[in-house]
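Reader: Could you take me through one part of this structure in detail, starting from a single strand pairing and working outward to whatever surrounds it? Please keep the numbers in, and keep the argument connected.

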Amino acid sequence: ELLDALADHALDAVLSDSTDATRTGAIRWKRVASLAVRFAATPKIARRQARLPWGLKGVSLILPKAPADVYRQVQTYLAESSISPRVLCEVPDVETARRLALDGLGVAPLNALTLGASEPRGRLVALTGSPASLTHTLWMATAAKRLRPNPVVEKLLKSFVL
(Lines give C-alpha, C1' and ligand atoms only; values in the text may rest on other atoms or scores of the structure.)
Protein backbone atom coordinates (compact mmCIF):
# COMPACT_ATOMS: atom_id res chain seq x y z
CA GLU A 1 0.00 0.00 0.00
CA LEU A 2 2.81 2.41 0.85
CA LEU A 3 4.60 1.70 -2.43
CA ASP A 4 1.34 2.24 -4.34
CA ALA A 5 0.94 5.60 -2.59
CA LEU A 6 4.54 6.42 -3.45
CA ALA A 7 4.06 5.54 -7.13
CA ASP A 8 0.86 7.67 -7.17
CA HIS A 9 2.84 10.59 -5.64
CA ALA A 10 0.70 10.60 -2.50
CA LEU A 11 3.90 10.00 -0.49
CA ASP A 12 7.38 11.36 -1.11
CA ALA A 13 9.44 8.64 0.59
CA VAL A 14 9.11 5.31 2.36
CA LEU A 15 11.64 3.83 4.80
CA SER A 16 11.64 0.02 4.65
CA ASP A 17 13.72 -3.01 5.59
CA SER A 18 13.07 -4.69 2.25
CA THR A 19 12.91 -3.79 -1.41
CA ASP A 20 10.39 -4.81 -4.03
CA ALA A 21 12.29 -5.86 -7.14
CA THR A 22 9.09 -5.90 -9.20
CA ARG A 23 8.82 -2.11 -8.87
CA THR A 24 12.32 -1.06 -9.88
CA GLY A 25 11.02 0.99 -12.81
CA ALA A 26 8.56 3.05 -10.75
CA ILE A 27 10.49 3.17 -7.49
CA ARG A 28 14.04 4.32 -6.80
CA TRP A 29 15.72 2.47 -3.90
CA LYS A 30 18.68 3.62 -1.84
CA ARG A 31 20.34 1.68 0.97
CA VAL A 32 20.51 4.12 3.89
CA ALA A 33 21.80 1.89 6.71
CA SER A 34 23.18 -1.53 7.44
CA LEU A 35 22.90 -2.45 11.12
CA ALA A 36 24.62 -5.37 12.85
CA VAL A 37 22.23 -8.00 14.20
CA ARG A 38 22.93 -9.70 17.53
CA PHE A 39 21.11 -12.52 19.30
CA ALA A 40 19.80 -10.91 22.49
CA ALA A 41 18.03 -12.01 25.65
CA THR A 42 17.56 -11.01 29.26
CA PRO A 43 20.77 -11.26 31.33
CA LYS A 44 19.34 -14.32 33.14
CA ILE A 45 18.84 -16.24 29.87
CA ALA A 46 22.13 -14.96 28.39
CA ARG A 47 24.12 -16.23 31.41
CA ARG A 48 22.72 -19.75 30.93
CA GLN A 49 23.66 -19.94 27.25
CA ALA A 50 27.00 -21.14 25.96
CA ARG A 51 28.93 -19.18 23.35
CA LEU A 52 27.15 -19.05 19.99
CA PRO A 53 26.29 -20.88 17.87
CA TRP A 54 25.94 -23.78 20.33
CA GLY A 55 24.22 -21.50 22.83
CA LEU A 56 21.14 -21.53 20.60
CA LYS A 57 20.55 -25.27 21.07
CA GLY A 58 17.36 -25.81 23.02
CA VAL A 59 16.64 -22.10 23.57
CA SER A 60 13.33 -20.59 22.45
CA LEU A 61 13.91 -18.34 19.46
CA ILE A 62 11.79 -15.33 18.58
CA LEU A 63 12.29 -14.87 14.84
CA PRO A 64 11.22 -12.23 12.34
CA LYS A 65 8.61 -13.44 9.86
CA ALA A 66 9.61 -14.76 6.46
CA PRO A 67 10.38 -13.35 3.92
CA ALA A 68 12.28 -10.73 5.95
CA ASP A 69 15.96 -10.62 5.02
CA VAL A 70 17.01 -11.08 8.66
CA TYR A 71 14.84 -14.24 8.81
CA ARG A 72 16.69 -15.67 5.80
CA GLN A 73 20.10 -14.75 7.25
CA VAL A 74 19.27 -16.33 10.63
CA GLN A 75 18.01 -19.51 8.94
CA THR A 76 21.24 -19.70 6.90
CA TYR A 77 23.38 -19.13 10.01
CA LEU A 78 21.51 -21.88 11.91
CA ALA A 79 21.78 -24.33 8.99
CA GLU A 80 25.51 -23.65 8.52
CA SER A 81 26.01 -24.15 12.28
CA SER A 82 23.95 -27.39 12.27
CA ILE A 83 21.62 -25.94 14.91
CA SER A 84 17.94 -26.94 15.05
CA PRO A 85 16.45 -24.38 17.40
CA ARG A 86 13.10 -24.41 19.13
CA VAL A 87 11.20 -21.57 17.43
CA LEU A 88 8.82 -19.95 19.88
CA CYS A 89 7.24 -17.65 17.31
CA GLU A 90 7.74 -15.57 14.19
CA VAL A 91 6.85 -11.91 14.61
CA PRO A 92 6.11 -9.14 12.09
CA ASP A 93 8.51 -6.50 13.43
CA VAL A 94 11.58 -5.93 15.57
CA GLU A 95 9.65 -4.13 18.33
CA THR A 96 7.44 -7.18 18.96
CA ALA A 97 10.55 -9.39 19.10
CA ARG A 98 12.20 -6.96 21.52
CA ARG A 99 9.19 -6.93 23.86
CA LEU A 100 8.92 -10.74 23.89
CA ALA A 101 12.64 -11.02 24.65
CA LEU A 102 12.26 -8.41 27.43
CA ASP A 103 9.52 -10.58 28.92
CA GLY A 104 12.07 -13.41 29.16
CA LEU A 105 10.36 -15.63 26.59
CA GLY A 106 13.47 -16.36 24.56
CA VAL A 107 16.30 -15.11 22.37
CA ALA A 108 15.68 -12.68 19.50
CA PRO A 109 17.93 -11.46 16.68
CA LEU A 110 17.84 -7.68 17.13
CA ASN A 111 19.61 -4.96 15.22
CA ALA A 112 22.20 -2.91 17.08
CA LEU A 113 20.01 0.22 17.09
CA THR A 114 17.09 -1.61 18.72
CA LEU A 115 19.35 -3.37 21.21
CA GLY A 116 21.25 -0.19 22.11
CA ALA A 117 18.10 1.89 22.58
CA SER A 118 16.17 -0.82 24.41
CA GLU A 119 14.47 0.44 27.54
CA PRO A 120 14.86 -0.23 30.34
CA ARG A 121 18.63 -0.20 29.77
CA GLY A 122 20.50 -3.40 30.53
CA ARG A 123 17.41 -5.61 30.44
CA LEU A 124 18.57 -7.11 27.13
CA VAL A 125 22.13 -8.17 26.36
CA ALA A 126 23.81 -9.68 23.32
CA LEU A 127 24.78 -13.34 23.63
CA THR A 128 28.50 -14.08 23.44
CA GLY A 129 29.69 -14.88 19.94
CA SER A 130 26.89 -13.28 17.92
CA PRO A 131 27.97 -13.57 14.27
CA ALA A 132 29.19 -10.42 12.53
CA SER A 133 27.67 -11.62 9.24
CA LEU A 134 24.04 -10.87 10.23
CA THR A 135 22.82 -7.42 9.16
CA HIS A 136 19.54 -5.53 9.04
CA THR A 137 19.46 -3.26 5.98
CA LEU A 138 17.24 -0.19 5.78
CA TRP A 139 16.15 1.25 2.43
CA MET A 140 14.58 4.53 1.39
CA ALA A 141 12.22 4.40 -1.58
CA THR A 142 11.15 7.36 -3.70
CA ALA A 143 9.13 7.67 -6.90
CA ALA A 144 11.54 7.28 -9.82
CA LYS A 145 9.68 9.48 -12.28
CA ARG A 146 8.51 12.33 -10.13
CA LEU A 147 8.40 15.51 -12.24
CA ARG A 148 9.33 17.84 -9.40
CA PRO A 149 11.34 16.05 -6.67
CA ASN A 150 10.65 17.05 -3.11
CA PRO A 151 13.78 18.95 -1.99
CA VAL A 152 13.54 17.55 1.54
CA VAL A 153 13.48 13.98 0.19
CA GLU A 154 16.40 14.71 -2.11
CA LYS A 155 18.38 16.03 0.86
CA LEU A 156 17.43 12.94 2.90
CA LEU A 157 18.63 10.66 0.13
CA LYS A 158 21.98 12.42 0.07
CA SER A 159 22.56 12.75 3.79
CA PHE A 160 20.52 10.13 5.71
CA VAL A 161 22.50 8.83 8.67
CA LEU A 162 21.35 6.72 11.60
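**Strand β7 and its surroundings**

Author: W29 stands opposite A141, a residue of strand β7. The model is a predicted one, and every value below was computed from it. W29 belongs to strand β2, which spans residues 27-41. Strands β2 and β7 run antiparallel to each other and are paired over nine bridges. A141 also appears in the pairing with another strand, since A141 is the bridge partner in β7 of V14. V14 falls in strand β1, residues 14-16. Strand β1 is antiparallel to β7 as well, and three bridges join β1 to β7. Strand β7 is therefore paired with β1 and with β2, and A141 is a point where both pairings can be located, with V14 on one account and W29 on the other.

Burial comes next. Strand β7 covers residues 135-143, and eight of these nine residues are buried. The strand is mostly covered in that sense.

Strand β7 also takes part in the largest pocket. Together with α3, α4 and β5 (108-111), β7 supplies at least two residues each to the pocket's lining. The space in this pocket comes to about 410 Å³. Its lining has 21 residues, and those closest to the centre are D17, P64, A68, P92 and H136. H136 lies within the range of strand β7, residues 135-143. By class, 12 of the lining residues are nonpolar, five are polar and four are charged.

Two of the helices that share in this lining, α3 and α4, also hold salt bridges. The structure has three of them. Side chains of opposite charge can pair when their charged atoms come close.

In helix α3, residues 69-80, R72 and D69 are three residues apart, so about one helical turn separates them. They form a salt bridge, with the closest N and O atoms at 2.5 Å. R72 is partly exposed, at 48% relative accessibility, and D69 is also partly exposed, at 30%. Both values sit between the 20% and 50% limits that define the class.

Helix α4, residues 94-102, has a shared acceptor side. R98 and E95 are three residues apart in α4, again about one helical turn, and their side chains meet in a salt bridge at 2.7 Å, N to O. R99 and E95 are four residues apart in α4, also about one turn of the helix, and their side chains meet at 2.8 Å, N to O. Salt bridges with shared partners thus join E95, R98 and R99 into one network. The cover over the first of these pairs is uneven: R98 counts as buried, with 10% relative accessibility, whereas E95 is partly exposed at 30%. R98 is buried because its 10% is under the 20% cut-off.

One further point concerns helix α5, residues 112-116, where G116 is placed. G116 is partly exposed, with a relative accessible area of 40%. G116 and A126 are 10 residues apart in sequence, and their C-alpha atoms are 9.9 Å apart in space.

Definitions and conventions. Residues are numbered from 1 along each chain as its sequence is written. This is a predicted model: local features need pLDDT of at least 70, side-chain atom pairs count only at pLDDT 80 or more; totals for chains, interfaces and linings use all residues. Side-chain values use heavy atoms; hydrogens and water are left out. A salt bridge is a side-chain nitrogen of Lys or Arg within 4 Å of a carboxyl oxygen of Asp or Glu. Buried means under 20% relative accessible area, exposed over 50%, partly exposed in between (1.4 Å probe, protein chains only). Two strands pair if DSSP finds at least two bridges between them. On a 1 Å grid over the protein atoms alone, a cavity is a set of points where a 1.4 Å probe fits but cannot get out, and a pocket is an open set with protein on both sides within 12 Å along at least five of seven lines; lining residues have an atom within 4 Å of a point. Grid points are joined across faces, edges and corners, and a volume is the space filled by probe spheres set on the points. Ala, Val, Leu, Ile, Met, Phe, Trp, Tyr, Cys and Pro count as nonpolar, Asp, Glu, Lys and Arg as charged, and the others, Gly among them, as polar.
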